[in-house]
Amino acid sequence: MTKITAAITSVGGYVPEYRLTNKELETMVDTNDEWIRSRTGVEERRILKGEGLGSSDMGVEAVKEILAKKGIDPAEIDCLICATVTPDMVFPATANIICDKAGLTNAFSFDMGAACSGFLFALTTGSSLIESGRYKKIIVVGVDKMSSIIDYSDRATCIIFGDGAGAVLLEPSVDETGVKDSILKSDGSGRQYLHMKAGGSVKPATVETVLAKEHYVYQEGQAVFKFAVKGMADVSYELMQRNNLTADDIAWLVPHQANLRIIDATANRMDLPKEKVMINIQKYGNTTAGTLPLCLWDWEKQLKKGDNVILAAFGGGFTWGATWIKWAYDSN
Ligand code: UT7
């Protein structure tokens with residue numbers, strides 16, 4: 001029996017209109033454009049403004065783009081997986097809300113919380129469902145409204161993050177293209193360096209937790225940076241080694257957009273020139289689960305059938321990983 005593989009057959013994306021520039025941040029916290037650019041690579045990030053709007057409102061736009069591009073009836077989608085750490089509500093799953101808003105009436109849906117590696121984890125899960133032979137059309141969304149959990153008086157975090165969504169359609173591959181291999185890793189002991197202190201079952205929200213600003217991202221930047229550089233570079237290299245891929249074989253590296261210096265370290269370890277690395281951190285900042293599909297969205301027209309593409313991520317948890325995809329289509 002021939003093995004079924006899962007191929008990405010379409011990409012959608014959405015970023016909100018509002019651009020929060022480094023200049024504007026200079027008026028909010030003690031920082032400056034030069035520091036932010038040189039330490040992170042971010043120039044501006046998008047922010048979802050407006051009452052009552054959440055991650056699902058961005059995710060649904062990315063899903064609708066895919067449905068329109070492919071001319072698919074929403075009822076044909078079997079499953080939707082949403083990677084996010086900023087769900088609309090603690091429950092129900094944002095994936096359920098996206099399905100409702102996009103009319104995916106036949107899809108079962110659930111959220112996946114693996115922070116900045118969420119999209120990679122969800123992509124691997126969705127691919128496995130396709131490989132099982134039971135499902136034919138799965139949408140994987142990566143979305144975060146990071147502005148909902150960022151303290152805009154904390155200069156160490158507010159300069160990095162932004163809002164955005166990306167999505168991909170997975171279908172059974174008809175040739176040798178598709179998701180070829182993944183290495184995914186988790187280490188919960190890293191939670192001390194990157195987490196949200198309150199709002200979970202250990203410390204439910206109270207007036208005191210709100211006043212203590214415990215519902216925002218807590219990050220020890222330097223510690224996370226060290227783990228991220230090593231984790232993302234090592235796992236990407238390991239994936240190349242175990243599949244006998246050389247730098248010449250790889251058309252694109254799609255790295256999580258957390259910090260330009262982490263991206264550079266990963267590309268160096270893989271011996272890849274800058275021209276093969278997708279970088280849009282300057283436009284969107286770190287959109288957590290949104291970064292990888294937003295890169296695919298921005299570069300979709302340049303991707304060619306048969307291209308070897310390596311996706312790599314590192315994030316809260318800690319979680320990290322890399323995935324090798326043989327790109328399945330030319331988009332015109
Ligand atoms: O995506 C999830 C995973 N997250 C990551 O991968 C993030 C990893 N970490 C980072 O990207 C970096 O650690 C940051 C961008 C968060 C910070 O950069 P850094 O080079 O590690 O800076 P630092 O925290 O070591 O701070 C260096 C200096 C400090 O001043 P002193 O103590 O040397 O006088 C900070 O107070 O820079 C100061 N600083 C700032 N200065 C201007 C910190 N934030 C700012 C700021 N503007 N926004």
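**Ligand surroundings, sheet architecture and salt bridges**

In this predicted model, 22 residues surround the ligand, and the closest of them are T31, R39, Q222, N259 and N286. Polar contacts to the ligand include one from N259, a polar side-chain atom of which lies 2.7 Å from an oxygen atom of the ligand. R261 also contributes, with a polar side-chain atom placed 3.1 Å from an oxygen atom of the ligand. For W35, an N or O atom in the side chain is found 3.4 Å from an oxygen atom of the ligand.

The setting of N259 can be described in further detail. N259 is located in the loop between β11 (252-255) and α9 (260-269), and with a relative accessibility of 9% it is classed as buried, because the cut-off for that class is under 20%. Apart from the ligand, the side chain of N259 has polar partners in the protein backbone: one of its polar atoms lies 3.0 Å from the backbone oxygen of R39, and a polar atom of the side chain also lies 2.8 Å from the backbone nitrogen of R261. R39 thus appears both among the residues closest to the ligand and as a backbone partner of N259, while R261 offers its backbone nitrogen to the side chain of N259 and a polar side-chain atom to the ligand. When residues up to four places away in sequence are set aside, N259 touches R39, T40, F225 and I281.

The architecture of one sheet was examined next. This open sheet consists of five strands in the order β1-β7-β6-β4-β5, and its pairing is mixed. The edges are formed by β1 (6-14) and β5 (108-112), each of which has a single partner strand, so that one side of each is left without a neighbour in the sheet. On average, and with direction ignored, neighbouring strands of this sheet are turned by 20° against each other. Within the sheet, β6 and β7 are paired in the antiparallel sense over eight bridges, and K145 has D163 in β7 as its bridge partner. Two helices that pack on the sheet can be described together. Helix α3 touches β1, β4 (79-83), β6 and β7, and its direction makes about 125° with that of β1. Helix α11 (residues 291-299) likewise packs on the sheet, where it touches β1, β6 and β7, its direction making about 90° with that of β1.

Strand β4 was considered separately. Five of the five residues of β4 are buried, so the strand is largely enclosed by the rest of the structure. Both of its faces are covered, with C79, I81 and A83 buried on one side and L80 and C82 buried on the other. The pairing of β4 with β5 is parallel and comprises five bridges, and C82 of β4 stands opposite D111 in β5.

Charged side chains were then analysed. Side chains of opposite charge can pair when their charged atoms come close. A search of the whole structure finds 20 salt bridges. One of these joins the side chains of E43 and R37, with an N to O distance of 3.3 Å; E43 is partly exposed at 34% relative accessibility, and R37 is likewise partly exposed, having a relative accessible area of 39%.

A further group of salt bridges involves E171. The side chains of E171 and K70 meet in a salt bridge at 4.0 Å, N to O. Because E171 lies in strand β7 (residues 163-172) and K70 in helix α3 (residues 55-70), this pair ties together parts that are 101 residues apart in sequence. E171 is buried, at 14% relative accessibility, whereas K70 is partly exposed, at 36%. E171 also forms a salt bridge with K137, in which the closest N and O atoms are 3.1 Å apart. This second pair links distant parts of the chain as well, with E171 in strand β7 and K137 in the loop between α5 (118-131) and β6 (138-145), 34 residues apart. K137 counts as buried, at 16% relative accessibility. Together with E76, the residues K70, K137 and E171 are linked in a network of salt bridges. The link between E171 and K70 joins β7 to α3, a helix that is also in contact with β7 in its packing on the sheet.

Methods:
Residues numbered from 1 in each chain as written. Predicted model: local features only at pLDDT ≥ 70, side-chain atom pairs only at ≥ 80, totals over all residues. Heavy atoms only, no water. Helix = DSSP H or I, 4+ residues; strand = E, 2+ residues; numbered from the N terminus. Buried < 20%, exposed > 50% of the residue type's maximum accessible area, 1.4 Å probe, protein only. Polar contact = N/O pair within 3.5 Å; in protein donor to acceptor, adjacent residues only side chain to side chain. Contact = heavy atoms within 4.5 Å. Pairing = 2+ DSSP bridges. Axes fitted to C-alpha atoms, helices over the stretch in contact; angles between N-to-C directions. Near = heavy atom within 4 Å.
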